[in-house]
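Colleague: I would like a close look at a single part of this model. Please take one strand, go through it slowly, and then show me what lies around it and elsewhere.

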Amino acid sequence: MSLLFISTTAAMAQKLWYGRPAACWLEALPLGNSHLGAMDFGGTETEELQINDETFWSGSPHSNNSTRSLQRLDEVRQLIFSGKEKAAADIINKDFVVGPHGMRFLTVGSMKLTFPGHAEATNYYRDLNLANATATTRYDVAGVTYTRTTFASMTDGVIVMRIEASQPGALNMTLGYDCPLENTVSVKKNTLTATVKNVEQEGVKGGLTAHCMMQLTADGKTVATGKTLEVKGATTATILVSCATNFVNYRDISGNGAKKAAAYLKAVAKKTYEQLLVSHTEAYKKQFDRVKISLPESKNSKLETDKRVELFNKDGKDQALVALMFQYGRYLLISSSQPGGQPANLQGVWNNKLRAPWDSKYTININTEMNYWPADVCNLAETAEPLFSMVRDLSVTGATTAKQMYGCRGWMAHHNTDLWRIAGPVDGATWGMFPNGGAWLSTHIWQHYLYSGDEAFLKAYYPILAGAARFYLDYMRKDPRNGWLVAVPSVSPEHGPKGTGTPVTAGCTMDNQIIFDALSQALAALNVVDAGNKAFADSLRNAISQLPPMHIGQYNQLQEWLQDADDPRDEHRHISHLYGLFPSNQISPYRSPQLFQAARNTLLQRGDMATGWSLGWKTCFWARMLDGNHAYRIISNMLRLLPNEGQEKEYPDGRTFPNLFDAHPPFQIDGNFGVTAGIAEMLVQSHDGALHLLPALPDAWQKGEVSGIMARGGFVIDHLAWNGQQLSSATITSRLGGNLRIRSYVPLKGDGLKPAKGCNSNPFYAVADIKEPVKSEKITPQSPLLYKVYEYDIETVAGGKYTLTPDTSSLTCRQ
């Protein structure tokens, strides 16, 4: 098969492209509209479009709350306070984690196309165009050019495939279907319908049925042949794929999937292919086009995408691949999470396996949260609506969990949930005894308010914030060993201190940081929407005052637990105790420099290599460390090719698959989203009392520009450019008005710009009021080396636009 060589153009800068069909699922290209996901293989003689429906999971409505945990809770707490954590873990494994352990995301199967005589194709080319969310396959056979264009319509809920031959009557093909699950196939006129049953899991009976309809329209002869559709002598053909299940919500499966699937097709029956493409493209571009980024290209920028990844660390100059990875993360979020749908799961909305890794559930001790880190900062706020909807569901199921398992008010969830919104613990004490999943999710609500200033949104979700806080007011206990108020039992996710034999503990650092945020955001929200509730406000303040401070340990590290038990040689993938650095704002180089340096030491001790998703988090960490070169090193570690699952021994450092999916390995989509958020954090930060322009720019990005990034307080960075690693211009729009505090490494000038004085008066830039850390007596605490910064205030008006440039009259080198 010969390759069609493609030259670099502006249009190619936003494409993944290849000179051969996909040989495996991780070479196929993802399409999606949140409701449906599809993987396009781009075959010649045979083509596969593997399909997912976001609501097609195993099982049916159920709960996994223990009825025995409450009566043993005090015993477990006393064992932990007595230093007998292993004995406590044994009880938790027996009487708290009772199963089921969550259901799994399923495939709906694959549409299969065969094109007789197309095995010897030439001039082959396929791509995924991020600019319009379409996949194209093109090749020649016997002097005829065949072109396929496929997209998952953002407006009409169907997948559309257009097949064209360059010569009249040259298109001959057969359409069929294949699925590893129990299914039946019927063909009527020009439509093939597959009916697929879901499966039982861990005693939870299957209750969902998917109906997948493939409607084929061609200008040649179409014949139904048993379980296939055959086309002869056509020039063009259009296939519409519709799918639906009987899922209504997490407690209702009384829907009619067949009727819903047919309704999608009926709604587009009178639309031409061109109309479908235009409406899809316009809707998609309304989201995708908000942000643009440009980074330096190299000669390798012309190569096929997988070759670019393979050569990235050898060449070191193809920074356009980093820009592509950034935009790919935004594309994947748009494609897997839209209002009215389900949140992006561990694999987004793409899975071809009967048993996906970790069931492709919602892992809420880091992974689901990471999926949504880009939503606000990358100007895709509406993609977070499914997450907020799931949090609302969990505030209901989790209220039962809180009361039944722990005797608490409010609501909570542990470390995993699924389509059925389970909130009880799963897998075992090591993983499942994490009482903070619900509260961590709730912080996304508060952060969205900080970006949007939407008081109606905050008022609607305030009861959920309050409920997450109320749970802790009841759940926490005073630790008799130190007098602090702690969550007990708990775990620092999937990682335990030396010598205890279990992660089960009381008051680990991540606990205290998440609880601080949950209580503080409830208190701040209370002041916005319900300022008269003094009793609740007082109870929140009282609890906050009793939380443990962070600890700096014997290795000048940020302690993961209240005991100084970190191993400086431990490179565990979870660095949970740095939650306070990112995504929270509790650790600041300017307000808590010793904690900031301790966090840096922890990062150095944990190393620069990890699983794919952990590299996404580390990119964010090093951006918050204001160390662009180190953040870039982590991105470089992520951009190492792993050709396929099963090749880990040959490629031990492979962290990116040929289609740019993140490799844990196996595939997890959170790493894609994490690195996208991290790149945004390298360019703009707004969590630490000011809008910091270019806070962590690496040497490799000597020149570039970005537009459309969001900052807290409703500020839009319309344009931000730099040259020689120095800011050259910035234009910012204020949506809400209010004080804009700018932080920069170079002095600036602009209309209304004044030197900053005192605290930032903009409430969206309030900083975390944390306690002084407890420091090991074995160390001399360290302070970081920081660049000099310049801070300015501009009193903005809603709708105002403000331009900043370097003040060369006072420009000095960074110190």
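Modeller: Let us take strand β3. This is a predicted model. Both faces of β3 are covered. On one side sit Leu36, Ala38 and Asp40, and all of them are buried. On the other side sit Gly37 and Met39, and they are buried too. This split follows a general pattern: in a regular strand, side chains alternate between the two faces of the sheet. Now count along the strand. β3 covers residues 36–40, and five of the five are buried, so the strand is largely enclosed by the rest of the structure. Buried here means a relative accessible area under 20%.

Next, look at the strand before it. Strand β2 covers residues 29–32. Four bridges join β2 to β3, and the two run antiparallel. Pick out one bridge: glycine 32 has glycine 37 of β3 as its partner. Between β2 and β3 there is a hairpin with three residues between the strands. Serine 34 in this hairpin takes a positive phi near 80°.

Serine 34 also leads us to a helix. Serine 336 is in contact with Ser34, leaving aside neighbours within four places in sequence. Other contacts of serine 336 include Gln342, Pro343, Trp350 and Phe673. Serine 336 belongs to helix α6, residues 320–336. Serine 336 is buried, with a relative accessible area of 1%.

Back to β3, and on to the strand after it. Strand β4 covers residues 46–53. Five bridges join β3 to β4, again antiparallel. Here aspartate 40 stands opposite leucine 49 of β4. The hairpin of β3 and β4 has five residues between the strands. In that hairpin, glycine 42 takes a positive phi near 65°.

Now for a helix pair. Two packed helices are described by the angle between their axes and the distance between the axes. Helix α1 covers residues 69–81. The axes of α1 and α9 come within 6 Å and cross at roughly 65°. By class, this contact has four nonpolar, two polar and one charged residues. From α1 come Ser69, Leu70 and Leu73. They meet Lys403, Gln404, Met405 and Tyr406 in α9.

Helix α9 also takes us to the largest pocket. α9 (385–406) supplies at least two residues of its lining, and so does α11 (437–452). The largest pocket has a volume of about 970 Å³. Its lining has 45 residues, and the closest to the centre are Trp446, Gln447, Leu450, Asp517 and Asn585. By class, the lining has 26 nonpolar, twelve polar and seven charged residues.

There are enclosed spaces as well. The count comes to three cavities of 30 Å³ or more. The second largest cavity has a volume of about 70 Å³. Its lining includes Tyr590, Gln685, His692 and Arg743. The lining residues divide into four nonpolar, four polar and three charged.

Finish with another sheet. An open sheet of five strands has the order β25-β26-β31-β35-β33, with mixed pairing. The edge strands are β25 (684–685) and β33 (754–755), and each pairs on one side only. Inside the order, β26 (residues 691–693) and β31 (residues 738–744) pair in the parallel sense over two bridges. Leucine 691 has isoleucine 742 of β31 as its bridge partner.

Note on methods. Residues numbered from 1 in each chain as written. Heavy atoms only, no water. 1 Å grid on protein atoms, 1.4 Å probe; cavity = no way out; pocket = protein on both sides within 12 Å on 5 of 7 lines; lining within 4 Å. Points joined across faces, edges and corners; volume = space filled by probe spheres on them. Nonpolar A, V, L, I, M, F, W, Y, C, P; charged D, E, K, R; others polar. Axes fitted to C-alpha atoms, helices over the stretch in contact; angles between N-to-C directions. Contact = heavy atoms within 4.5 Å. Buried < 20%, exposed > 50% of the residue type's maximum accessible area, 1.4 Å probe, protein only. Pairing = 2+ DSSP bridges.
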